[in-house]
Number of protein chains: 2
Amino acid sequence: MSAQQHPDAARESRLGSRLLAVALPALPQVKPGDDLPGMAVDGWRALAAEDPALSPVEGDVLVVTQKVVSKAEGRIVDLRTITPRPEAAEFAARWDRDARQVEVVLREAAEILRMERGIVITRTRHGFVCANAGVDASNTGDTETLTLLPDDPDASARAIRDRLVEAFGVPLGVIVSDSFGRPWRWGIVDVALGVAGFRPLDDMRGRPDADGRLMHVTVVAVADQIASAAELASGKTSGRPLVLVRGATLPGGEGSVVADVVMDRSNDLFR
Amino acid sequence: MSAQQHPDAARESRLGSRLLAVALPALPQVKPGDDLPGMAVDGWRALAAEDPALSPVEGDVLVVTQKVVSKAEGRIVDLRTITPRPEAAEFAARWDRDARQVEVVLREAAEILRMERGIVITRTRHGFVCANAGVDASNTGDTETLTLLPDDPDASARAIRDRLVEAFGVPLGVIVSDSFGRPWRWGIVDVALGVAGFRPLDDMRGRPDADGRLMHVTVVAVADQIASAAELASGKTSGRPLVLVRGATLPGGEGSVVADVVMDRSNDLFR
């Protein structure tokens, strides 16, 4: 289309549309009972002290990785307390895994979709389909503990958001993120486990496209894409689990990943 | 972890780790035979003229949506030339779709995984699993044409990259992106169909995590995450199909989405 046909495009062109993702300063090791919302407020203040342009503004999203949320919420298992069932011991022996880890995965899974090559593909109680029920052994601070997914990641996001809004006085969004594998493609991508302050899906159905034709099936997973953008700014080994993402157009209202994004089996044509 | 234990984290904290995604100025309607690589060079020059800080630097990635690549490469079908087979006509009548569109989808699909509720889930010749074989009716410029996926999206990316590197004299990356649905979760996310100038996966296996423990299964789909970040800066209706993404850590070397990201069935535990 030409700029004449679409004055909005010309205006946008001048203004520029920008997305920015900036990691907050590294956190110390997070422990059960730690005030993670308070740490998020302090971290953002520290970032804003370095660069006042990064003080919170309406529409900013803070992306918080599952790992620190789980630790602060005490969703940690000490492997020394776990006795594996025979099925876990057998699978672990066959694939050179820790039988106690496999046991924890089996306990966390609401449904086992597949158990092969040392990996258990599961559906969690929240409805997430992921490897090992989201149980994670890396970056826990020692080698004898695992983190479990938060009980209610939307509630975790809301708790952080409430404190940020209280501290900064502007409407903000929060995402609790995790790295998930997917079918058909190698590699993990970060997705949203929980969200607060906006709706995780942008439903563009019924909105005209650039030719004025109605877009029929376009529902964009905005929160998942924001989680992926945040991962690029944080990295896996850097100890920077909080990332500010600015400039995404957030679907208004309140939403929930579990209620809005997790797909009922009967609707899932891709399975 | 503390900053004492991890001097790198302290250094990163001061430097700040930032990801920036900025849409280039809107393109005019792209037609078959148009010099898309040249338009990308001109568009980036126009962006740099508005903001010199956005002149190309090493490690920048230009994300180009499939739609304009397909148009420039003439991967367009005129629906008036299509005669649907009976199966297409029947499916279209049942689900209120255009039978000619369904016919084109069936021709483009290497394999039909599912055909239900008006949607055909397909595997393409490239190996991508997506709805309707990537055949797209929106934003084509008129209502009687469809775009097909590029024949070789990695080659499309390389052609654009070669011209950008020639024009700007710095090593850059290019991604050809598209919006795909996925199982288990509502909403589409942008992913990479083709890549040039870097490897699409960051293989962190064998690298120590923040506790010094080896990370066993972490392969990050960097190119897919960059595509998602770009989508947030462009939007679906704005006519801005070119997005600069700066600040991602690019895995070095040359790669291919079809060769590196598309997963062989035998390895796919998620299916």
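How many Å separate the centres of domain 1 of chain A and domain 2 of chain A, taken over C-alpha atoms? The separation is 27 Å. The notes below concern a predicted model, and they take up the domains, the helix packing and the sheets in turn.

1. Domains of chain A. The domain assignment divides chain A into domain 1, made of 18–73 + 153–263, and domain 2, which covers 76–146. Domain 1 is thus written as two segments, and domain 2 as one. Their centres, taken over C-alpha atoms, lie 27 Å apart.

2. The contact between these domains. On the side of domain 1 of chain A, 12 residues are in contact with domain 2 of chain A, which gives 10 residues in return. Two elements of chain A supply two or more residues each to the domain 1 side: helix H3 (66–72) and strand E8 (173–180). H3(A) gives the most, with three residues. By class, the domain 1 side that touches domain 2 of chain A holds six nonpolar, three polar and three charged residues.

3. Helix packing between the chains. Helix H7 of chain A, residues 222–234, packs against helix H7 of chain B, residues 222–234. The angle is about 120 degrees, and the axes are 8 Å apart. Why is H7(A) described as oblique to H7(B)? An angle of about 120 degrees falls outside the ranges for roughly parallel, roughly antiparallel and roughly perpendicular, the last of which runs from 65 to 115 degrees, and is therefore oblique. The crossing of H7(A) past H7(B) is left-handed.

4. Residues of the H7 pair. From H7(A), the contact is made by A:Gln225, A:Ile226, A:Ser228, A:Ala229, A:Glu231 and A:Leu232. From H7(B), it is made by B:Gln225, B:Ile226, B:Ser228, B:Ala229, B:Glu231 and B:Leu232. Taken together, the residues of the contact of H7(A) with H7(B) comprise six nonpolar, four polar and two charged.

5. Helices H4 and H5 of chain A. Helix H4 (residues 86–95) and helix H5 (residues 99–108) of chain A have axes that come within 8 Å and cross at roughly 130 degrees. That angle makes H4(A) oblique to H5(A), and their crossing is right-handed. In H4(A), the residues A:Ala88, A:Ala89, A:Phe91 and A:Ala92 meet A:Ala99, A:Val102, A:Glu103 and A:Leu106 in H5(A). The class count for the contact of H4(A) with H5(A) is seven nonpolar, no polar and one charged.

6. Helices H4 and H5 of chain B. In chain B, the axes of helix H4 (residues 86–95) and helix H5 (residues 99–108) cross at roughly 130 degrees and come within 8 Å. H4(B) and H5(B) are therefore oblique to each other. H4(B) passes H5(B) in a right-handed crossing. B:Ala88, B:Ala89, B:Phe91 and B:Ala92 make the contact from H4(B), and B:Ala99, B:Val102, B:Glu103 and B:Leu106 make it from H5(B). The contact of H4(B) with H5(B) has seven nonpolar residues, no polar residues and one charged residue.

7. The three-stranded sheet of chain A. Which strands form the edges of the open sheet with the order E4-E5-E6 in chain A? They are strand E4 (109–116) and strand E6 (129–131), each of which pairs on one side only. The pairing in this sheet is antiparallel. On average, neighbouring strands of the sheet are turned by 25 degrees against each other, direction ignored. Strand E5 of chain A, residues 119–124, pairs with E4(A) over six bridges in the antiparallel sense. Opposite A:Met115 stands A:Val120 in E5(A).

8. The three-stranded sheet of chain B. Chain B has an open sheet of three strands in the order E4-E5-E6, with antiparallel pairing. Its edge strands are E4 (109–116) and E6 (129–131) of chain B, each pairing on one side only. With direction ignored, neighbouring strands are turned by 25 degrees against each other on average. Six bridges join E4(B) to strand E5 of chain B, residues 119–124, and the two run antiparallel. B:Glu111 has B:Arg123 in E5(B) as its bridge partner.

Definitions and conventions:
Residues are numbered from 1 along each chain as its sequence is written. Chains are lettered from A and ligands numbered from 1 in the order in which they are written. This is a predicted model: local features need pLDDT of at least 70, side-chain atom pairs count only at pLDDT 80 or more; totals for chains, interfaces and linings use all residues. Two strands pair if DSSP finds at least two bridges between them. Helices (H or I, at least four residues) and strands (E, at least two) are DSSP runs, numbered from the N terminus. Axes are lines fitted to C-alpha atoms, for helices over the stretch in contact, and angles run from 0 to 180 degrees between N-to-C directions. Domain bounds come from an automatic or database domain assignment. Two residues are in contact if their C-beta atoms, placed from the backbone, lie within 7 Å. Ala, Val, Leu, Ile, Met, Phe, Trp, Tyr, Cys and Pro count as nonpolar, Asp, Glu, Lys and Arg as charged, and the others, Gly among them, as polar. A crossing is left-handed if the near helix is turned anticlockwise from the far one by less than a right angle, and right-handed if clockwise. Angles under 35 degrees count as roughly parallel, over 145 as roughly antiparallel, 65 to 115 as roughly perpendicular and the rest as oblique.
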